[in-house]
Amino acid sequence: MRITVIGTGYVGLVTGTCFAESGNHVTCLDINAEKIESLRRGVIPIYEPGLTEMVLRNTAAGLLEFSTSYPEAIAGADMIFMAVGTPPDERGRADLTYLFKAVESLAPHLPEDAVVVVKSTVPVGTNNKVFARLNELTKRQCHVASNPEFLKEGAAINDFQYPDRVVVGVRGPDIAARLEDLYKPFLRNNHPFVVMSPASAEFTKYAANALLATKISFINEMANLCELLGADINDVRQGIGHDRRIGFQFLFPGVGYGGSCFPKDVHEIAGLARDAGMEPRILAAVESVNQAQKSILLDKILDHFSGALKGRRIALWGLAFKPQTDDIREAPGLVLAQKLTELGVDLCVYDPAAMPNVRKEHGDRFRYATGQMEALQGAEALVIMTEWRVFQHPDFAEMKAALRSPVIFDGRNLYDREQIKKTGFTYYSIGRAAVRPEK
Ligand code: NAD
């Protein structure tokens, strides 16, 4: 099959590369000429484990190409996937400008029987609008399907190649059959191909992200309550997670969710509810708990230093919104880093992957360390904001020697309290009592 993917960001590049990997001829299109040029040179603009090798392999095999030209990329395509960004606009609602610009650019070149597939996360009803606009521009009935994407950054290739399910929203069985044929190589483990209306497919994506965000805010609220009532959230997590009705996934206490999806998608579905005249009480609570959770460590830091932060040297590990990615969109680590610098903290930051992105956006606002231990030199405390694996088994003796005072504020509950007790650190985490060195 000949496939064009419009928008070569996280989703577009992974989608295009995985379709090429299963033998299709794929052209990834983007309006960002610098990005396309870099991809043609084999330089991958994002950090995603395994992606570089796969891009290089498929480009060398002639199955994957990159283009900035709509006429060239669209001509001869059997399916055109739209994976442009739908970032929040100034009201926090999904901005569909990029999507409709792309619709206008592709319409003049759209082959007669090609299927346009909306993969971007879009408000319910967008497929109908794309369908109407394309019909208007082409003066014929076009095929427009929805196919929301559920991949996670950091595990995107695996998620795409072994999806729990593939969801498509279509107007008829013939289009569903064509999409099922394309996805067949990824569903050999008998995971389902779920067919529904375009509106339900669009809604499914928001419902999935809203539920995952709800789990995060739920466990964070429980964690905060644990602290007040003298319980330990890690024990409670074990106690509930083994119940098969509950499970462990997305029930990690922390410093709130961030990234390019959950914040905007929860906000969007709440907005869609209000547009429809319904107050989304659960979603409103999920958002407000998350907002407050991003400051939970700041409160602990302020308490520990009796409110006096000006001029203090503090180290911060973890700026990506989660491990295995360099994505810093709405990252809790950056929110805290900014608040600390506003309070006059002399902040030295380190992240294994996200430093170039942070530097690009924030310039000299922070001091940047070249390694995790270097960040600690002379600092009065360490703050941990992302659960990168390299932070999980550090040499505590080396850390203690580097820090001016042995204090850790752990926003991801990386360490065992009993183990920390032996190291002589003062240790604050989420939903658990602080550990103080024995006198
Ligand atoms: P991104 O910002 O990484 O990439 C979007 C790309 O679209 C950019 O390279 C941009 O230059 C390009 N673009 C914009 N307008 C264009 C146009 N008119 N023609 C061609 N290219 C154009 O975005 P992303 O993170 O890949 O997200 C894309 C969509 O997928 C969003 O709707 C997002 O909500 C959704 N989604 C993202 C993830 C994720 O983990 N990132 C997961 C599932 C779904």
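This is a chat about the ligand and the cavities in a predicted model.

Reader: What kind of model is this, and how are residues numbered?

Author: The model is predicted: local features need pLDDT of at least 70, side-chain atom pairs count only at pLDDT 80 or more, and totals for chains, interfaces and linings use all residues. Residues are numbered from 1 along each chain as its sequence is written, and side-chain values use heavy atoms, with hydrogens and water left out.

Reader: Which residues are closest to the ligand?

Author: D30, K35, Y70, T86 and K264 are the closest, in a shell of 27 residues. A residue is counted if one of its heavy atoms lies within 4 Å of the ligand.

Reader: What is the mix of classes in that shell?

Author: The shell has 11 nonpolar, nine polar and seven charged residues. Ala, Val, Leu, Ile, Met, Phe, Trp, Tyr, Cys and Pro count as nonpolar, Asp, Glu, Lys and Arg as charged, and the others, Gly among them, as polar.

Reader: Where does the ligand lie relative to the domains?

Author: It lies between domain 1 (2-196) and domain 2 (206-293), because both give residues to the shell. The domain bounds come from an automatic or database assignment.

Reader: How far is the ligand from the side chains of K35 and Y70?

Author: An N or O atom in the side chain of K35 is 2.6 Å from an oxygen atom of the ligand. For Y70, a side-chain N or O atom is 2.7 Å from a nitrogen atom of the ligand. The protein buries 89% of the 830 Å² that the ligand exposes when taken alone, by the Shrake-Rupley method with a 1.4 Å probe.

Reader: New topic. How many cavities are there?

Author: Two of 30 Å³ or more. A cavity is a set of points, on a 1 Å grid over the protein atoms alone, where a 1.4 Å probe fits but cannot get out; lining residues have an atom within 4 Å of a point. Grid points are joined across faces, edges and corners, and the volume is the space filled by probe spheres set on the points.

Reader: What is the volume of the largest, and which helix gives the most to its lining?

Author: The volume is about 60 Å³. Helix α9 (residues 198-229) gives the most, four residues; helices are DSSP runs (H or I, at least four residues), numbered from the N terminus.

Reader: And the second largest?

Author: That cavity holds about 40 Å³. Its lining includes T86, Y206 and K264, and domain 1 and domain 2 each supply at least three lining residues.

Terms used: On a 1 Å grid over the protein atoms alone, a cavity is a set of points where a 1.4 Å probe fits but cannot get out, and a pocket is an open set with protein on both sides within 12 Å along at least five of seven lines; lining residues have an atom within 4 Å of a point. Helices (H or I, at least four residues) and strands (E, at least two) are DSSP runs, numbered from the N terminus. A polar contact is a pair of N or O atoms within 3.5 Å; within protein, one must be able to donate a hydrogen and the other to accept it, and residues adjacent in sequence count only if both atoms are side-chain atoms.
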